[in-house]
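Biologist: Hi! Could you walk me through this one, starting with the empty spaces and then moving on to charged side chains?

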Amino acid sequence: MPTRTRFTIWRPLATAAITTLVAAFLTPATTAHATPRESRPVFSYDDAVREAVWVDTRLDGDGDGRTDRVAVDIVRPREPAAQGRKVPVIMDASPYYSCCGRGNESQRKTYDAQGRVVRMPLFYDNYFVPRGYAFVGVDLAGTNRSDGCVDVGGRSDILSAKAVVDWLNGRATAYTSRTGTTTATADWTNGRTGMIGKSWDGTIANGVAATGVKGLKTIVPISAISSWYDYYFQQGAPLYDSGPDWLSNYVDSPDARAKCAAVQRELVAGAPRTGDLTGLWSERDHVPDASKVRASVFLVHGLQDLNVRMKHVGQWWDALTEHGVERKIWLSQTGHVDPFDFRRGAWVDTLHRWFDHELLGYDNGIDREPMADVERHPDRWVTSTVWPPRATRTATLRPAAGDRPGVGTLGLRKGRGTATFTDDPGLSETDWAAAVDTPTPAKAGFTTALLTRDLRLSGSSRVTVTATPTTPTAHLTAVLVDLGPDTVRDYAASGESITTLTDRTCWGSSTAGDSACYKETRAQTADVEYTVLSRGWADLGTHADPGKGVPLTPGKAYTITVDLAATDHVVPAGHRLALIVAGTDKDLVEPPADTPTLTLDLSRTTARVPFVGGARAFAAATAGTATATPGSGPLDGVEAPTHTQRLP
């Protein structure tokens, strides 16, 4: 079903009309009757002020003897400043404005002969500037027109963006050129800033919010990282075969590459491929600083994002919840995809209302609406008043040996016996799930009986195993699987669940150099017989200390708890829930140095899973049912993950 679109066409208004509308839509009134509920496109986008400043970060990341300045491109409505009115700011700080582009169409910034921005990627400026907001696009230090070096989530990344928020609030210095001495003031803004961005951009928003900077009122992190260690590793197991030095070099400007060899060396030295937790990673972990967050958070993420994985959501959301941060969340069935490309009409409307509430102070009711929107099936969404739902409780599930080796049961009673598998780096979670009912040497699988009631998982799970390896190194994977037919978004396809069409819809005002019209998309779906709904990985060598791995003693039993990614998924009646424990998850975690065989002690292996209704709901859904009859062949799912050099 197509989403509702909104087309905006601007026609100049007379000065008197503009004055009236400015008063109505920019200044919240003192009475409920007069308070506006929505900002309107009353300002000219054609006549918007376009300017650039360079903010002094007070850092010298490139070691050239002078403090670095970051480039800040600004598009703001001309009329409010002419009338002495100040506007709030929507800000996207990104390393991608010149090297790689933003959005589904990979747009880059473009400039006129005077160096003023002509096209700002994405629809934010086109849509919000006519509604009384300024849009600010910040070139992260070391990228595009900024000084400094990219340090991949470190002080340079975060403090260079924070300096812009400080400048918008009168606490930092900016200049009208990269090297000149003429200063620029942000006297056109009230300092109220909202940061937004997908992936690395959203990660910067998380990091700046975690500094507690004053003036940052809200952040909208989309598919964003909460801990850079957890982007590259999980519990010592490497998720990629490269480190942050590769990523820094990829986005560095030519000027930065010539100056930033020392930073590159620091990234290599501080991020060893052992997976040990170093000071470099601690500096890039925003979760411990959730207590400093003053801004509200509207978080958006794909449940099947295999780039920035859902672990980032679970730990960040839990920390924000603990500290009482105002928050809202959307969870889609997509991979690493922007909501503008999977739920466009609802997204623009909701984001508009969110910024109106958080930055303009409009009482439009969005803060009293359900906290969570979850995509249950392609383009079919449900809401939750809070997330996870209040009735969510953790149930301890226990695997047990079955009638055939490696094909066991999953329930509430303590299991006995053992299960053995040999790591096969050539197989992935899709191979294991497809053969869950068949004894295979590379995995241990455990399934419930057929459910008689729907069973909803909501939140993060943990799987504790006691395993005896045959080699000094071993990696573990644990996955939860919904066994049953469904139609899902095909997150494993090249578009990560979307197909880009040729038709365009327009979201805001356009100029000759900056169109507000973007290609439409539709959900790309797959008919499957199973769905992997949560994953987790670990190096067994981190059994005693998650921050440091040690060699294993072959033949000795080790107990480790593997954190699984957060999810929100309903296993329907007639389906089964499965737990699979195996070794290398091909193309999602790197293999160990050896090829171990591991034996699980099932009496000391558990899965702690958050169910709405807890253990009682699980017991009711699995009571008095028959075990499924295994099929004659492998189950169909989405394609296996592919090895790609992903960019956050």
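**Spaces and charges**

Modeller: Happy to! Let's begin with the lining of the largest cavity: by class, it has five nonpolar, four polar and six charged residues. Keep in mind that this is a predicted model.

Biologist: Thanks. How many residues line the largest cavity, and which lie nearest its centre?

Modeller: There are 15 lining residues, and those nearest the centre are G103, N104, L122, F340 and D341.

Biologist: What volume does the largest cavity have?

Modeller: About 130 Å³. The search of the whole structure finds eight cavities of 30 Å³ or more.

Biologist: How does anyone look for empty space in the first place?

Modeller: Picture rolling a probe the size of a water molecule over the atoms: that shows where empty space is left.

Biologist: Nice. Back to D341 for a moment: which residue does D341 meet in a salt bridge?

Modeller: R344 is the partner, with 2.9 Å from N to O.

Biologist: Is D341 buried or exposed?

Modeller: Buried, because its relative accessibility of 7% is under the 20% cut-off. R344 counts as buried too, at 3%.

Biologist: OK, pockets now. How much space lies in the largest pocket?

Modeller: About 870 Å³. The largest pocket is lined by 35 residues, and K198, N307, H336, E496 and L647 are the closest to its centre.

Biologist: What classes do the residues in the lining of the largest pocket fall into?

Modeller: That lining divides into 14 nonpolar, 14 polar and seven charged residues.

Biologist: And the second largest pocket, what volume does that have?

Modeller: About 410 Å³. Its lining has 20 residues, with D230, Q235, K311, P546 and D563 closest to the centre. Six of the lining residues are nonpolar, nine polar and five charged.

Biologist: Which helices and strands each supply at least two residues of the second pocket's lining?

Modeller: Helix 6 (229-232), helix 10 (279-283), helix 11 (311-322) and strand 27 (558-563). Strand 27 gives the largest share, three residues.

Biologist: You mentioned helix 10 and strand 27. What sits in the loops beside them?

Modeller: Let's take two histidines. H286 is in the loop between helix 10 and strand 13 (296-302), while H543 is in the loop between strand 26 (525-539) and strand 27.

Biologist: Is H286 buried or exposed?

Modeller: Buried: its relative accessibility is 5%. H543, on the other hand, is partly exposed, with a relative accessible area of 26%, because that value falls between the 20% and 50% cut-offs.

Biologist: How far apart in space are H286 and A210?

Modeller: Their C-alpha atoms are separated by 6.1 Å, although their places lie 76 residues apart along the chain. For H543, try V293: 250 residues apart in sequence and 32 Å apart in space, C-alpha to C-alpha.

Biologist: Let's switch to charges. Why would two charged side chains pair up at all?

Modeller: Side chains of opposite charge can pair when their charged atoms come close. This structure holds 34 salt bridges.

Biologist: Which residue forms a salt bridge with D255?

Modeller: K259 does, and the closest N and O atoms are 3.8 Å apart. D255 and K259 are four residues apart in helix 8 (residues 254-259), so about one helical turn separates them. Both count as partly exposed, D255 at 33% and K259 at 32%.

Biologist: What else are D255 and K259 linked with?

Modeller: They belong to a network of salt bridges with D64, R66, D147 and R178.

Biologist: What about R368, buried or exposed?

Modeller: Exposed, since its relative accessible area of 56% is over 50%. R368 forms a salt bridge with D367, with 3.7 Å between the closest N and O atoms. D367 is partly exposed, at 39%.

Biologist: Last one: which buried residue has no salt bridge?

Modeller: D482 is an example: R576, the nearest side chain of opposite charge, is 8.4 Å away. A salt bridge needs the atoms within 4 Å, so that distance is too long to count.

Biologist: Where is D482, and what does its side chain contact?

Modeller: D482 is in strand 23 (residues 475-489). Its side chain is joined to that of H569 by a polar contact of 2.7 Å.

Methods
Residues numbered from 1 in each chain as written. Predicted model: local features only at pLDDT ≥ 70, side-chain atom pairs only at ≥ 80, totals over all residues. Heavy atoms only, no water. 1 Å grid on protein atoms, 1.4 Å probe; cavity = no way out; pocket = protein on both sides within 12 Å on 5 of 7 lines; lining within 4 Å. Points joined across faces, edges and corners; volume = space filled by probe spheres on them. Nonpolar A, V, L, I, M, F, W, Y, C, P; charged D, E, K, R; others polar. Buried < 20%, exposed > 50% of the residue type's maximum accessible area, 1.4 Å probe, protein only. Lys, Arg positive; Asp, Glu negative; His and termini not counted. Polar contact = N/O pair within 3.5 Å; in protein donor to acceptor, adjacent residues only side chain to side chain.
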